[in-house]
Each structure stands twice: as C-alpha cells, then as structure tokens.
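Please read the points below alongside the model. They concern how its strands and helices are arranged.

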Amino acid sequence: MKFFIDTANLAQIKEANDLGILDGVTTNPSLMAKEGIKGNDAVMQHYKDICNIVDGDISAEVVSTDFETMIEEGKKFAAIHKNIVVKVPIIKEGIKAIKWFSDNGIRTNCTLIFSAGQAILAAKAGATYVSPFLGRLDDIGSDGMELVHQLRQIFDMQGYKTEILAASIRSPLHIIKCAEAGADVCTCPLDSILGLLKHPLTDSGLAKFLEDAKKFA
Ligand code: G3P
C-alpha cells in the first residue's frame, strides 16, 4: 500500500517525506485555504513547491463544476509537473472530464466517493484513482471501511486498473484496516502516520535497553 499525505502544509509534507516512506500528496480546496493560499498564481506556486519536495503523485483539485472549465483548470495543473494528478469531483460533468483527461493522457483522482456506484462510474471513465472518504462515512454512522472492501472486490472482479485511494483517514487504525482491506493507497494526516509508530511496550523496552547499555558503555 502506498502512503500519501493529505495536507497542503509544506512543513508537514517535508516531515513526512524525510521519513522516506512517502509516495505522494493529496490536497483539496479546504486544505489549500487552511494554508492561507490566495489567488491563482499562489495556488500554482504552491503545487510547484509541493512537487519540488515530493517525488510522487500530487493531487491538485479543480474548483469548477462544468466540463469546459474543469478541462482548462486540469490542463494548467497538468502542465506544472509530470507528477500532477487532476482531482475531479464525482458529478456528471466530472465523469465527462475524467474521460477527456484519460483520453488525453492526463491522470485523475476522482474525489468525494461515498458509494460503490460512484466508484464504478469513475473507473469506467478511466480515473487513475478513486477516493472513498472513510471518515466522513463513519461520521454519519455508515461503515467507511466496508466501502473499501466492496471496491476491492468489485475492482478485482472487473479487472479495473483504477487504484483505490482511501481518504478522509482519521486514525492509525484506519490505516491498518485499509492495508487489510487491500487499498492501493492510503492518504493520511501526518498525525495518523506518526501514530503508527506508537506503542507503550516500545517506549518502556527502549528505556530499559538504554539504561542497560550504560552498564557496558
Ligand atoms: O482530501 C480529501 C479527504 O481526505 C478529506 O478528509 O478529514 O476532511 O474528511 P476529511
């Protein structure tokens, strides 16, 4: 399973990249706004900065909802760097745009996936990735992980090449469960990635080893 970081914060992206285990970055308009990025030039520069930090797929999300403008936005994003993946919402115009991008050699990440039907349409249109939002499904009392299992089964059975990119990750347990479910990618906040490291027996075990090491130093 590939690890992406789900943020537009450059310091966090650098920290995750320095671990040596980062395969890519996903952003969305909310994450970009959180960093105080304003205006087209600043947005484009921010994606360039991310591409300069991470050698992996970088999702840049369109903010239009009609086919023509999505294509214009996506072409500009794709021209920034070969690693840019155009993120498109699962709406009717979005499906048309994903098909156009796919036919024209531009890779896509279909976002805001909450059902198997949406994911099937995105895969049929040629999306490179589909992003089921686990945490937001859990928030409304649905089982987000169940959707990942369902997508894995359908995509394998149908031979879809589209990768399942589990998103809206809220905890280290989500990451572990995504690995179990066969997600191709998990995009996570930095805290959830670092949370995988934690175990009290590791802390106490290391403290004891370091204490004992003093005896033969
Ligand atoms: O990037 C899309 C997704 O990961 C958003 O997550 O936490 O806002 O539901 P969240």
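1. A crossover is called right-handed if, with the strands pointing away from the viewer, the path from the first strand over the helix to the second runs clockwise. Helices (H or I, at least four residues) and strands (E, at least two) are DSSP runs, numbered from the N terminus. With those terms fixed, β7, helix α9 (residues 172-181) and β8 form a right-handed β-α-β unit.

2. The model is a predicted one, in which local features need pLDDT of at least 70 and side-chain atom pairs count only at pLDDT 80 or more, while totals for chains, interfaces and linings use all residues. Residues are numbered from 1 along each chain as its sequence is written, and side-chain values use heavy atoms, with hydrogens and water left out.

3. The strands close into a barrel of eight, in the order β1-β2-β3-β4-β5-β6-β7-β8, with parallel pairing, where two strands pair if DSSP finds at least two bridges between them. From one strand to the next the twist averages 30°; axes here are lines fitted to C-alpha atoms, for helices over the stretch in contact, and angles run from 0 to 180 degrees between N-to-C directions.

4. Two of these pairings can be given in detail. Strand β6 (residues 129-132) pairs with strand β7 (residues 163-166) in the parallel sense over two bridges, and Y129 has E163 of β7 as its bridge partner. On pairing with strand β8 (residues 185-188), β7 is again parallel, over two bridges, and A166 stands opposite C186 of β8.

5. Two helices can be placed against the strands, with contact meaning heavy atoms within 4.5 Å. Helix α4 lies across β3 (57-61) and β4 (84-89) and runs at about 160° to β4, whereas helix α8 (residues 144-158) lies across β5 (108-113), β6 and β7 and runs at about 155° to β6.

6. For helix pairs, angles under 35 degrees count as roughly parallel, over 145 as roughly antiparallel, 65 to 115 as roughly perpendicular and the rest as oblique. The axes of α1 (residues 10-18) and α3 (residues 40-53) come within 10 Å and cross at roughly 15°, and the two helices are therefore roughly parallel to each other. Their contact is made by L10, I13, K14 and N17 of α1 with H46, D49, I50 and I53 of α3. By class these are four nonpolar, two polar and two charged residues, where Ala, Val, Leu, Ile, Met, Phe, Trp, Tyr, Cys and Pro count as nonpolar, Asp, Glu, Lys and Arg as charged, and the others, Gly among them, as polar.

7. The axes of α4 (residues 67-80) and α5 (residues 92-103) come within 9 Å and cross at roughly 45°, which means that α4 is oblique to α5. In this contact F67, M70, I71, G74 and K75 of α4 meet E93, G94, K96, A97, W100 and F101 of α5, a set that divides into six nonpolar, two polar and three charged residues.

8. How do α5 and α6 pack? Helix α5 packs against helix α6 (residues 116-125) at an angle of about 30°, with the axes 8 Å apart, and so α5 is roughly parallel to α6. Here I95, I98, K99 and S102 of α5 meet L121, A122 and A125 of α6, and the residues divide into five nonpolar, one polar and one charged.
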